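Visitor: Could you take me on a close look at one part of this model? I would like to hear about the tyrosines and what surrounds them.

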Amino acid sequence: MILLDGKATAGIIRAKLSQQIQVLKNRIGRAPHLAILLIGNDASSRTYVKAKLKACREVGFTSTLIQRENIQEAALLRHITQVNNDSTIDGLIVQLPLPPSFQVEKIICHLNPAKDVDGFHALNYGRMALGLPAHVPATPLGILKLLSHYQIETRGKHCVIVGRSRIVGAPLGTLLSRDNYPGNATVTLCHSYTQHLREITRQADILVAAVGQPRFVTADMVKEGAVVVDVGITRKVDKKQRLGYCLQGDVDFMQVAPRCSYITPVPGGVGPMTIAALLLNTLRAAQCVSC
């Protein structure tokens with residue numbers, strides 16, 4: 001069993017990014033600039049945003065955090081408009097989840113698609129589906145980069161994705177079925193209404209778990225020699241830990257790992273690759289501005 005080390009792979013990507021940033025700065029006179037809108041007081045969201053801001057500093061990006069605990073949807077839309085019109089900002093993300101009263105689709109579609117470095121805007125999603133240049137959702141892009149780094153064969157393989165969200169499962173299925181590498185896989189997209197799930201996952205050469213349920217995937221759901229990608233990350237209270245909690249993935253790692261050829265750890269697998277992909281999209285946005 002080989003660990004798909006997202007932390008190390010992301011480090012390689014970020015080192016290359018630093019070199020490209022210097023070239024861009026020489027051309028346009030500034031570094032790429034990422035703005036993050038953080039609404040509410042969700043603890044996990046604050047942790048994720050902190051990691052994104054840290055990554056920006058480390059590679060040499062400029063970053064701006066716009067944080068509002070209590071805000072109306074109309075005010076949020078005004079903030080987005082201001083960033084859309086700011087030519088010094090290349091990328092904008094609205095950290096999800098938003099408070100329940102907010103219309104997420106309306107808010108995401110208010111972003112300038114050229115600055116939508118999370119790749120959630122309908123225009124980016126549609127262009128991605130058609131194989132046209134677009135900002136690809138960060139987590140699927142990070143998974144593709146990880147598979148590519150480890151030279152995981154995808155052509156002709158059966159890839160089973162458990163979870164059909166438009167953030168991970170659905171776009172990843174589209175990308176893995178495209179006629180390129182990583183791609184040309186036969187993709188099965190499973191969800192809460194899928195029957196005989198265990199029988200399906202046991203057919204997977206590549207199994208992606210993205211359901212948000214700790215230890216959902218057990219050893220009897222995985223065939224010998226499979227590649228397993230764990231997208232899930234859930235905080236579980238653990239008073240024995242220094243921070244009072246531990247992080248668990250959607251895969252029961254201790255049970256499943258011995259059956260795998262490759263597997264991602266949690267933490268240190270998909271998470272760092274998601275942030276690396278976000279940085280790649282932001283650099284791409286800045287490069288497009290300078291064209």
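**A tour of the tyrosines**

Guide: Happy to! At 34% relative accessibility, Tyr48 counts as partly exposed. Please keep in mind that this is a predicted model. Tyr48 belongs to helix α2, which covers residues 43–59. On the surface, Tyr48 joins Ile233 and Leu247 in a nonpolar patch, and together they offer about 220 Å² of accessible area.

Now to ring contacts. There is one aromatic pair in the structure, made by Tyr150 and Tyr262. Their arrangement is edge-to-face, with 6.4 Å centre to centre and 65 degrees between the planes; the cut-off for edge-to-face is over 60 degrees. Tyr150 sits in the loop between α6 (138–149) and β5 (158–162), while Tyr262 is in strand β11 (residues 260–263), so the pair ties together parts that are 112 residues apart in sequence. Tyr150 is partly exposed at a relative accessible area of 21%, and Tyr262 is partly exposed too, at 22%. Buried would mean under 20%.

Another tyrosine, Tyr125, has a charged visitor: the charged end of Arg166 sits over its ring, 5.5 Å from the centre.

Finally, the strand that holds Tyr262, β11, leads us to an open sheet of six strands. Its order is β1-β11-β8-β7-β5-β6, with parallel pairing. At the edges stand β1 (2–3) and β6 (186–190), each with a single partner strand, so one side of each has no neighbour in the sheet. Within the sheet, β5 pairs with strand β7 (residues 206–209) in the parallel sense over four bridges, and Ile161 stands opposite Val208 in β7.

Note on methods: Residues are numbered from 1 along each chain as its sequence is written. This is a predicted model: local features need pLDDT of at least 70, side-chain atom pairs count only at pLDDT 80 or more; totals for chains, interfaces and linings use all residues. Side-chain values use heavy atoms; hydrogens and water are left out. Rings of Phe, Tyr and Trp (its six-membered ring) pair if their centres lie within 6.5 Å; planes under 30 degrees apart count as stacked, over 60 as edge-to-face and the rest as tilted. Helices (H or I, at least four residues) and strands (E, at least two) are DSSP runs, numbered from the N terminus. Buried means under 20% relative accessible area, exposed over 50%, partly exposed in between (1.4 Å probe, protein chains only). A charge sits over a ring if NZ of Lys or CZ of Arg is within 6 Å of the ring centre and within 35 degrees of the ring normal. Patches are made of residues with over 30% relative accessible area and no salt bridge: like charges are joined within 9 Å, nonpolar side chains (Val, Leu, Ile, Met, Phe, Trp, Tyr) within 5 Å. Accessible areas come from the Shrake-Rupley method with a 1.4 Å probe; for residues, only the protein chains shown count as cover. A salt bridge is a side-chain nitrogen of Lys or Arg within 4 Å of a carboxyl oxygen of Asp or Glu. Two strands pair if DSSP finds at least two bridges between them.
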